[in-house]
Structures are given as C-alpha cells and as structure tokens.
Amino acid sequence: MRTRLENAPALRNAIRGALLVLLLFTMTPACASRQFAEAPARTLAEYRHRQVREGITVAIDPVAEEARAKDFFGFNLIQYGVFPVYVTITNNSGQPVRQSRDMFFLRNMDGTRLKPLYDHEVALPELKKRVESARVANVVSFGLMGLLAPPNMDHADMNEIDLNIRKKALKDRMVFPGETNSGFIFFYTTYPKNIERVELLALSLARIGSGELTNRIEYDFPLQGIKTKLEVPRHEPEN
C-alpha cells in the first residue's frame, strides 16, 4: 500500500531543493546558545499510553501541541504537519529485542498508513521556509539581482535544530534485557489537523534468540480523539 509520505511530492521536492543549503548549514559550527526542553522524564506508570507484552513495556507520548513541540525542537514543526511521538521501550524479559524505524506506522481513519520520517527530513520544511524568506528579503533589498545572492540566514541556528532532532530521535538498535531505549519518531501528516485523523500507532519488536529472529511482538496504540493545540488557528484544505 502506498503511504501518504510517498504521495507527498511537495515534501520530496523540499528535500531535493534543500540539499545544497543543508550542506551549507551542516558545515557551519554550531554555537551553544539554543536551549531545548529535554525529552519527557517520567515513570512508565505515568504514561497514559503503555502496553506490556512478554515482559517488554512500550509507552508513547504523542505531542500534538505546537507550544510543546517548539520547546522540544526549537521550531513549530506541527505547523508543517509533522507529528512527533515520544517512544520508550523497556526490556524486562530474558531475551534481547530489535527495534527499528521500519517496524512503526501510523494508521489514519481512512486506512492510510504513514511511515516515519528519517531524522534529516524533519527540519527540512523549516529550512525551506527560512531560505524562501531570506530570498524574498534579498529581492526587497536588491531587486531582481537579489535572486542571485545567497540566502542570508542563520545557518548555525538551523544546525543546532538539526543536531537536537538527531539527538532526540529514537535510535534503531538492539534492546537487551534490563535496558531502555527512548526517543522521538516523526510522521508527516501534510496538515496539522490531519493529526486528529490518526486512528492508531502500531509497532512491532523482533525477539532475538540464539542470534536469530524467533518472533515479533506486536503493539497497537489507539489514538482516536487526539486534539492538536495550535497557537494560531489556521484554515487548512480538506483532504
């Protein structure tokens, strides 16, 4: 089944169009000036969404509030339709499990499945917006010749935002007995209000025994009724 992400040419064009600028800001040393809120710190019992399967607890914290997302990531990624979900996996069983991005998906009410974004894709809509704003400023200042000038933007700030996202993202790895692996995964829903059309988050963990896959452990988290909290209400096209 094709995913919404695969059918989102606008985002893919943003990714391709921003690659050159991405190289520019990743080569710029970051200044330790930005402060980002740390990921949620709580006990497993405090999570509203949590499930235990075969001694392995998975808990999630969907972030649908723009203000909260800005605290975590330094920009309003929800306004671009990017939906962050904090995931924590605690292995209290006697065998390791493998967790990876391709084992997660969101399902919308219409049955559409959304795969997670890669870490480097999360900030690209914000990068594209800043590049376009800088180009408009160049035109205002220099006329049409401003189109030929490089965009005057804060590359160090974008670099810090990108590094923060990569730091907070859930890492693909083995989770051994007694360990916890936590971090954010991100889904592209096209518009903020589409987050409210999400039906469930599904994931599976691969149980590893004697170095081989023995079975998969499935988790389904119903998310019907989740509400976005926008700082400024916006009109969004109907899908």
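**Entry 1. Arg101 and its neighbours**

I looked up the contacts of Arg101 in this predicted model. Leaving aside residues up to four places away in sequence, I found that Arg101 touches Pro116, Leu117, Tyr118, Asp119 and Asp172. I then located the residue itself: Arg101 sits in the loop between strand S4 (97-99) and strand S5 (104-108). Is Arg101 buried or exposed? Its relative accessibility is 17%, and because buried means under 20%, I entered Arg101 as buried.

**Entry 2. The cavity**

I next searched the whole structure for enclosed space. Rolling a probe the size of a water molecule over the atoms shows where empty space is left. The search gave one cavity of 30 Å³ or more. I noted about 40 Å³ of space in the largest cavity. Which residues line the largest cavity? I listed Gln99, Arg101, Asp119, Leu170, Asp172, Phe184 and Ile185. Arg101 therefore returns here as a lining residue, and two of its contacts, Asp119 and Asp172, are also in the lining. Sorted by class, the lining of the largest cavity holds three nonpolar, one polar and three charged residues.

**Entry 3. Phe184 and the aromatic rings**

Phe184, one of the residues lining the largest cavity, led me to the aromatic pairs. I counted seven aromatic pairs in total. In one of them, the ring centres of Phe73 and Phe184 are 5.0 Å apart and the planes stand at 75°, so I recorded the pair as edge-to-face. This pair joins distant parts of the chain: Phe73 belongs to helix H2 (residues 66-73) and Phe184 to strand S8 (residues 180-188), with the two positions 111 residues apart.

I checked the accessibility of both partners. Phe73 has a relative accessible area of 0% and is buried. Phe184 is at 1% relative accessibility, and it too counts as buried. Phe184 also pairs with Phe186, and here the rings are stacked, with 6.2 Å from centre to centre and 25° between the planes. Phe186 is buried, as is Phe184. Which residues form the aromatic cluster around these rings? I wrote down Phe72, Phe73, Tyr86, Phe184 and Phe186 as one aromatic cluster.

**Entry 4. The largest pocket**

I turned from enclosed space to open space. The largest pocket has a volume of about 260 Å³. I found 16 residues in its lining, and those nearest its centre are Arg48, His49, Pro62, Leu223 and Ile226. Which element gives the largest share of this lining? I traced that share, three residues, to strand S2 (residues 56-62). By class, I noted seven nonpolar, three polar and six charged residues lining the largest pocket.

**Entry 5. Two residues with positive phi**

I looked for unusual backbone angles. Most residues other than glycine have a negative phi, and most peptide bonds are trans. Glu54 is not a glycine, yet I read a positive phi of about 50° for it. Glu54 lies in the loop between strand S1 (49-53) and S2. At 48% relative accessibility, I classed Glu54 as partly exposed.

Thr190, likewise not a glycine, has a positive phi of about 80°. I placed Thr190 in the loop between S8 and strand S9 (198-209). Is Thr190 buried or partly exposed? I recorded a relative accessible area of 22% for Thr190, which is partly exposed.

**Entry 6. Arg130**

I found Arg130 in helix H3 (residues 124-142). Its relative accessible area is 22%, and I entered Arg130 as partly exposed. I also checked its separation from Met158: the two C-alpha atoms are 9.3 Å apart, while 28 residues separate the two positions along the chain.

**Entry 7. The chain as a whole**

I closed with the overall figures. I counted four helices and 10 strands in the chain. In what order do the elements run from the N terminus? I wrote the order as α-β-β-α-β-β-β-β-α-α-β-β-β-β. Of the 239 residues in the chain, 49% are buried. Considering contacts between residues at least 6 apart in sequence, I found that 74% join residues at least 24 apart. The accessible surface of the chain comes to about 12200 Å², and carbon and sulfur atoms account for 55% of it.

Definitions and conventions. Residues are numbered from 1 along each chain as its sequence is written. This is a predicted model: local features need pLDDT of at least 70, side-chain atom pairs count only at pLDDT 80 or more; totals for chains, interfaces and linings use all residues. Side-chain values use heavy atoms; hydrogens and water are left out. Buried means under 20% relative accessible area, exposed over 50%, partly exposed in between (1.4 Å probe, protein chains only). Contact means heavy atoms within 4.5 Å. Accessible areas come from the Shrake-Rupley method with a 1.4 Å probe; for residues, only the protein chains shown count as cover. On a 1 Å grid over the protein atoms alone, a cavity is a set of points where a 1.4 Å probe fits but cannot get out, and a pocket is an open set with protein on both sides within 12 Å along at least five of seven lines; lining residues have an atom within 4 Å of a point. Grid points are joined across faces, edges and corners, and a volume is the space filled by probe spheres set on the points. Ala, Val, Leu, Ile, Met, Phe, Trp, Tyr, Cys and Pro count as nonpolar, Asp, Glu, Lys and Arg as charged, and the others, Gly among them, as polar. Rings of Phe, Tyr and Trp (its six-membered ring) pair if their centres lie within 6.5 Å; planes under 30 degrees apart count as stacked, over 60 as edge-to-face and the rest as tilted.
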